[in-house]
Amino acid sequence: EAAKTVRINQAFQSLLYLPLYVARDKGFFEEAGVDVKITTGGGAAQSWSAVLGGSADFSIHDPVFIPISKAKGGPGVVVAAIQDAPAVWVVGKDSTDLQDNVALFKDKIVTTMPEPDSTWAFFSYLMQSNNFDKDYAKINQVGVGNEMAPLLAGRSDYALGTEPQISQVETEGMSVVYSFSADPDWYPFAFSALLSTEAYVKDHADETQRVVNALQRASEYIYTNTDDAVKVAQDAFPDLDKAVVEKAVQRELAAKAYPKEVTVSEKSWENAMRIADFVGIIDKDADTSSYAGNVNTEFAKNAVGQAD
Amino acid sequence: MSAQSQTSQGDVEARRTSSSLAGMSPARETLLVWGLQAVILAACLILWEVAARQGWISTFLFASPSRIFDVLTRQFASGQLFNDVKVTTMETVLGFIVGGVGGSIIGLALWYSPLVARLTRPFIAAVGSIPVLAVAPLIIIWFGTDITSKVVIVAFSCVVVSLMSSYSGAQQVDQDEINLMRSFGATRNQIFLKVVVPSSMTWVISGLKLNIGFALIGAIVGEYISSESGVGHSILVGSANFAIDTVLAGLLVVMILVTCFNAIVRVLERWILPWKYA
Amino acid sequence: MSAQSQTSQGDVEARRTSSSLAGMSPARETLLVWGLQAVILAACLILWEVAARQGWISTFLFASPSRIFDVLTRQFASGQLFNDVKVTTMETVLGFIVGGVGGSIIGLALWYSPLVARLTRPFIAAVGSIPVLAVAPLIIIWFGTDITSKVVIVAFSCVVVSLMSSYSGAQQVDQDEINLMRSFGATRNQIFLKVVVPSSMTWVISGLKLNIGFALIGAIVGEYISSESGVGHSILVGSANFAIDTVLAGLLVVMILVTCFNAIVRVLERWILPWKYA
Amino acid sequence: MQAKLEARNISHSYTSNRNVAEVLRDLNFHADENEFISFVGPSGCGKSTLFNIIAGLLTPTGGEVRIQGETSTGKPHPSLGYVLQKDLLLPWRTIMDNVILGLEVRGVDRKTAVERARPLFEDYNLKGRENDYPSALSGGMRQRAALMRTLVMDPEILLMDEAYKALDYPLKIALESELLETVRRLRKTVIFVTHDIEEAVTLSDRVYVMKARPGQIIKEIKVDLGVESTDVQDRRMAPAFNHYYQLIWKSIAQQSLPAKNRKVA
Amino acid sequence: MQAKLEARNISHSYTSNRNVAEVLRDLNFHADENEFISFVGPSGCGKSTLFNIIAGLLTPTGGEVRIQGETSTGKPHPSLGYVLQKDLLLPWRTIMDNVILGLEVRGVDRKTAVERARPLFEDYNLKGRENDYPSALSGGMRQRAALMRTLVMDPEILLMDEAYKALDYPLKIALESELLETVRRLRKTVIFVTHDIEEAVTLSDRVYVMKARPGQIIKEIKVDLGVESTDVQDRRMAPAFNHYYQLIWKSIAQQSLPAKNRKVA
Ligand SMILES: Nc1ncnc2c1ncn2[C@@H]1O[C@H](COP(=O)(O)OP(=O)(O)OP(=O)(O)O)[C@@H](O)[C@H]1O
Ligand SMILES: Nc1ncnc2c1ncn2[C@@H]1O[C@H](COP(=O)(O)OP(=O)(O)OP(=O)(O)O)[C@@H](O)[C@H]1O
Ligand SMILES: [Mg+2]
Ligand SMILES: [Mg+2]
């Protein structure tokens with residue numbers, strides 16, 4: 001039986017999507033009987049467009065695009081989790097730990113992604129949930145991937161980022177001062193997921209199941225064969241320092257960011273929607289944002305069950 | 001351009017004829033053109049709106065004129081539109097002056113030294129092929145995230161076109177006109193100011209015209225790299241939300257800005273090249 | 001260009017003199033220029049490397065020549081480099097042909113109808129100011145994520161410059177030369193082919209030269225929007241993970257490509273405009 | 001007999017920006033088959049403008065041109081050949097390609113065209129320069145190439161605007177003689193502009209004298225040198241030559257001079 | 001007495017791509033103060049090339065030019081004024097601004113320059129055209145403007161390459177007479193190129209006759225019309241005129257003709 005071809009578009013080539021690379025490099029997709037072609041968009045909007053335009057079957061990025069799409073009458077369904085924690089950290093030159101001391105952000109310049117992207121939303125929400133006003137800390141927005149530049153150039157005090165940037169700037173003398181995943185109010189969190197359209201999932205239930213199965217296997221593998229997973233990550237980023245990659249993967253694991261089970265839980269969905277609602281890009285109470293209406297857990301549950 | 005030093009009888013007449021429509025007066029002609037342009041524009045918009053309303057195209061993916069209009073109305077009411085336009089215009093104009101005008105001056109000045117021109121040519125071309133996005137981190141490190149960085153990006157987006165275009169112009173200068181100046185014992189500076197510069201003006205202006213678009217693209221890209229406001233910021237927000245109507249509203253604003261800048265440069269051109277419009 | 005119809009005695013001589021360095025033969029001159037360019041390049045690289053090794057600049061932020069070289073060696077060994085270059089070159093060349101050559105043809109053809117030219121002018125300028133990134137979702141929806149979409153983006157990046165540049169050229173044609181053709185009873189097509197096209201060639205080629213850089217930027221941006229390989233893909237991966245050395249290695253490859261394409265166009269130019277180099 | 005070419009009440013004004021300059025007022029003249037007519041008159045009186053009108057390159061603001069009895073439609077008439085005042089060689093074409101430009105436009109294939117042009121290169125002393133670009137030619141050579149470009153078309157009516165101005169004397173004499181001979185033999189019509197009275201007298205059957213501001217014909221002089229020869233040297237030596245020379249001279253002598261130089265010649 | 005201008009063994013070849021064309025070979029001549037010398041010779045014999053060399057615009061491949069005893073440094077000498085064969089009016093300048101271009105280069109302020117130029121517009125019949133752009137002028141008008149541009153500089157040595165070619169006869173006579181008078185009065189030196197033998201005889205003190213391929217001086221003719229008047233008409237009528245005319249005519253008559261036309265004149 002010839003393997004069925006499945007096209008996945010990832011928003012970035014990112015350590016956040018390690019389960020994808022593990023599934024590919026360890027042959028899990030192959031063993032599941034699918035031939036996966038991976039393309040890269042330069043951002044979530046592009047990836048999701050690839051699915052809408054029919055040039056990809058799945059996309060991998062922030063799942064908030066599904067309720068946005070639905071709110072505007074578009075299609076979309078969340079199929080499986082890729083990142084299940086808000087794997088975002090704050091780094092700064094000053095190593096004073098701020099985990100329980102958020103008030104110390106006062107009057108600091110903090111670099112985030114542009115509004116309304118995730119790190120901007122995270123930080124804004126963090127400030128608001130602590131009842132600080134808008135100008136408590138000065139937010140400095142820069143394009144995705146560039147957040148560390150102002151920090152290292154001394155143009156800001158703190159920066160929010162994801163791996164492997166965090167581990168990279170650590171070697172440049174910066175310190176992690178805050179972890180969002182370590183905050184019990186934030187975990188779990190539907191941070192990245194495998195997304196598709198209802199129509200595709202319905203018509204290609206078999207392929208979908210196989211892909212999800214492979215991802216489930218990969219997610220487990222990361223926890224059971226961490227050393228091998230680290231090697232996959234190092235191969236995926238040959239130009240990064242090997243030690244940095246290892247540290248980055250370990251930090252992700254510590255934050256339980258790679259899901260042990262690829263099912264997107266209701267809690268993790270609600271947490272994600274709360275932030276998106278705060279930003280104003282969706283209404284968390286609208287039907288179009290509901291857990292049931294957006295997340296298809298059937299494949300993930302099958303995959304988890306099968307693995308047991 | 002020395003092309004004109006050749007023109008004589010029949011030239012002005014023929015030029016007039018070739019651009020005039022059935023012997024209309026220039027003023028009526030302009031009105032006619034504007035009218036037709038308005039009709040074309042309106043026709044496209046109506047077709048688009050109808051297609052959207054009838055469901056021939058998905059408004060989710062392609063928006064519709066009325067939805068774009070709604071977005072603009074909302075942005076106008078909140079004052080965001082005015083502020084965005086102000087910020088982007090400021091960045092564009094400053095960067096255009098630095099890069100476009102500066103590049104033109106450098107390009108013309110390369111006339112002084114064919115050696116320097118030849119030496120730097122490949123480097124200039126190479127630098128001109130750098131996508132700003134790829135060096136975003138370096139730009140932020142060097143120029144920060146405030147208006148300076150946008151001005152730098154706009155200037156960078158303009159400088160190569162203006163430089164190469166004006167340099168081409170300076171290369172086209174009629175050697176005989178230079179010989180004429182030399183026969184008067186003119187210094188190199190005099191030759192430059194009195195022959196090379198005016199004779200290259202058509203090229204310089206053609207470069208500047210091209211750069212209007214690039215300057216705005218530069219400003220938008222700059223706002224992609226870092227921003228709190230501006231038309232590019234608004235487009236970015238729309239794009240991150242998958243709000244195509246917001247994106248297209250931003251693009252519409254950009255196009256209107258370009259049209260205005262173009263009109264301004266056109267007026268400047270008539271003022272700088274009176275002999276072309278005598 | 002009609003400028004040349006004026007040149008006569010002293011022109012060739014003067015041109016030669018103005019570009020020659022202390023009476024050297026053209027071949028030796030070229031060697032000298034190449035030598036100097038190599039020296040400049042080497043000096044910059046050495047300075048950079050020393051600065052990086054001495055810790056004057058952070059290698060994390062600014063990489064260093066040796067680290068960039070390591071990246072390239074690794075990419076070369078794995079075959080990735082060759083594949084990336086192949087993919088990007090393909091996209092660039094196809095898009096350049098569609099957009100650059102196509103745009104030049106359209107721009108020249110606008111000579112036929114001043115009315116159409118005037119009508120479309122603002123629309124063309126407006127379209128030229130659209131930042132590709134802002135319409136990335138639409139491009140993916142319409143043209144998918146394979147090579148077609150990159151070719152479209154490259155073509156789009158080239159078309160406006162070539163169009164406007166060649167149109168400017170067609171506007172510069174000496175009316176007297178057209179009158180001469182008319183006196184022979186030439187049809188509009190003959191005037192177009194025998195006078196307008198050759199006389200605008202300098203402008204067309206100048207537009208194409210500018211477009212080499214834009215075509216490559218277009219390909220890179222296209223690969224930013226979606227890709228599985230290509231130099232832009234490699235830059236994107238580096239950039240998303242803050243690997244400046246990978247980004248700069250990619251840029252270096254881009255610059256080398258531009259230099260090669262430029263050399264090719266320069267050869268083509270000598271072949272298309274033999275009378276300029278006679 | 002119907003005139004080969006006839007101009008009726010030609011008037012022309014140039015409009016630029018807000019100014020209107022009246023250049024020609026109410027010109028009437030004609031040229032018959034096998035006739036050589038010349039226009040002489042001060043520089044700027046509108047001769048080139050008139051030629052552009054005859055050639056159909058410029059639409060006059062008034063009047064009409066009739067060629068072989070038909071009203072000219074404002075398009076260049078195929079039986080007309082026009083040697084413009086400027087040489088206008090196309091810089092991107094070799095001399096040969098410039099010379100055969102008109103034939104090419106007519107659809108003559110290159111080989112035939114080159115064969116027809118080749119003898120002219122001999123006559124006009126440009127042999128060996130066929131493959132040069134115009135920028136390598138001297139002023140007189142360029143002028144000759146421009147002349148050849150029109151003559152190779154073998155037109156029935158020739159308009160020549162100072163066609164021999166940059167030629168050296170012996171060559172000019174030889175080429176003029178050849179032209180006269182051809183005109184006689186093939187019954188062509190030539191309309192000529194010159195500032196050289198000698199040239200006008202030796203070549204023309206009739207001379208129109210113009211004045212400026214606005215351009216008008218003030219005199220028509222029929223020239224009959226009483227010499228059959230088409231050799232310009234012979235015609236120059238004809239006894240009647242001086243009479244006509246003086247006649248023309250007198251009618252143009254005063255008008256083009258600046259006020260302070262106006263004394264009786 | 002030292003010659004005002006002296007050329008020693010001037011040779012020149014043009015190199016283009018791989019071809020070398022020898023244009024001038026071993027020219028020697030001189031011009032004194034208050035002297036008017038002319039070069040006549042077939043088109044393409046290298047007259048314009050020679051003038052470019054004298055003017056310092058072109059470095060000869062051999063020989064040297066001395067001006068007032070000093071070897072010319074390859075830079076245009078300030079006492080030289082050059083009327084080029086082409087008019088070369090700058091299209092972006094009005095006629096007035098074209099005429100005062102040289103003065104501007106010398107640093108004369110605009111007001112003074114305009115005042116100096118104004119009378120020339122009268123003399124050269126261009127009054128009222130000061131603010132036109134060159135494209136609105138006729139061929140002869142452009143030529144006059146180019147002439148004025150050089151004369152307004154009042155140079156000691158004048159190089160004139162077919163400077164009067166597009167002018168109508170009466171105006172030409174008037175302007176030539178004026179030139180001659182000025183030369184005499186202010187003891188200027190003029191070096192002149194013309195194809196018009198009449199012009200050469202009436203104006204010159206000495207005439208150099210050139211041949212082509214390569215350009216060489218084949219004859220030097222001292223002209224003495226025995227007339228003091230600077231009026232060209234008077235000089236034209238001088239009894240000696242015909243003698244010199246024939247002399248020059250004979251020395252150039254044959255050489256520029258194509259082979260088939262070479263019969264004895
Ligand atoms: N730039 C050039 N390159 C090559 N050959 C040239 C160049 N300029 C002139 N020549 C050649 O040099 C010769 C002399 O040219 P030049 O213009 O000096 O002649 P001339 O005596 O002034 O002729 P004319 O009376 O026609 O103006 C000609 O054969 C011409 O083709
Ligand atoms: N394009 C133009 N626009 C305005 N005026 C013009 C234009 N062309 C010519 N003229 C004017 O028309 C008049 C006649 O010009 P034209 O060229 O016909 O004169 P011409 O008799 O050929 O002179 P020449 O003997 O000097 O060649 C001149 O006063 C000139 O300035
Ligand atoms: Mg004329
Ligand atoms: Mg000459």
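How many salt bridges does the rule find across the interface of domain 1 of chain D and domain 2 of chain D? Here are my notes on that, bearing in mind that this is a predicted model.

1. The answer is one salt bridge across that domain interface. As for salt bridges in chain D, the side chains of Asp154(D) and Lys188(D) meet in one, with an N to O distance of 2.6 Å. Polar contacts are just as easy to list: the rule gives one residue pair across the interface, both at pLDDT 80 or more.

2. On the domain 1 side, the elements that put two or more residues against domain 2 of chain D are β7 (157–161) and α6 (169–186). Of these, α6(D) gives the most, with four residues. By residue class, this side of domain 1 splits into 10 nonpolar, one polar and five charged.

3. For bookkeeping, domain 1 of chain D comes in two pieces, 1–79 and 157–265, while domain 2 is 85–154. Their C-alpha centres lie 25 Å apart.

4. Contact counts come out as 16 residues of domain 1 of chain D against 13 of domain 2. The two domains bury about 1200 Å² between them, and 55% of that is on carbon and sulfur atoms. If you want names to look at, try Lys165(D), Leu171(D) and Leu175(D): together they supply 28% of the area domain 1 buries against domain 2, more than any other three residues.

How values were computed:
Residues are numbered from 1 along each chain as its sequence is written. Chains are lettered from A and ligands numbered from 1 in the order in which they are written. This is a predicted model: local features need pLDDT of at least 70, side-chain atom pairs count only at pLDDT 80 or more; totals for chains, interfaces and linings use all residues. Side-chain values use heavy atoms; hydrogens and water are left out. Domain bounds come from an automatic or database domain assignment. Contact means heavy atoms within 4.5 Å. Buried area is the accessible area (1.4 Å probe) that two parts lose on being put together, summed over both. A salt bridge is a side-chain nitrogen of Lys or Arg within 4 Å of a carboxyl oxygen of Asp or Glu. A polar contact is a pair of N or O atoms within 3.5 Å; within protein, one must be able to donate a hydrogen and the other to accept it, and residues adjacent in sequence count only if both atoms are side-chain atoms. Ala, Val, Leu, Ile, Met, Phe, Trp, Tyr, Cys and Pro count as nonpolar, Asp, Glu, Lys and Arg as charged, and the others, Gly among them, as polar.
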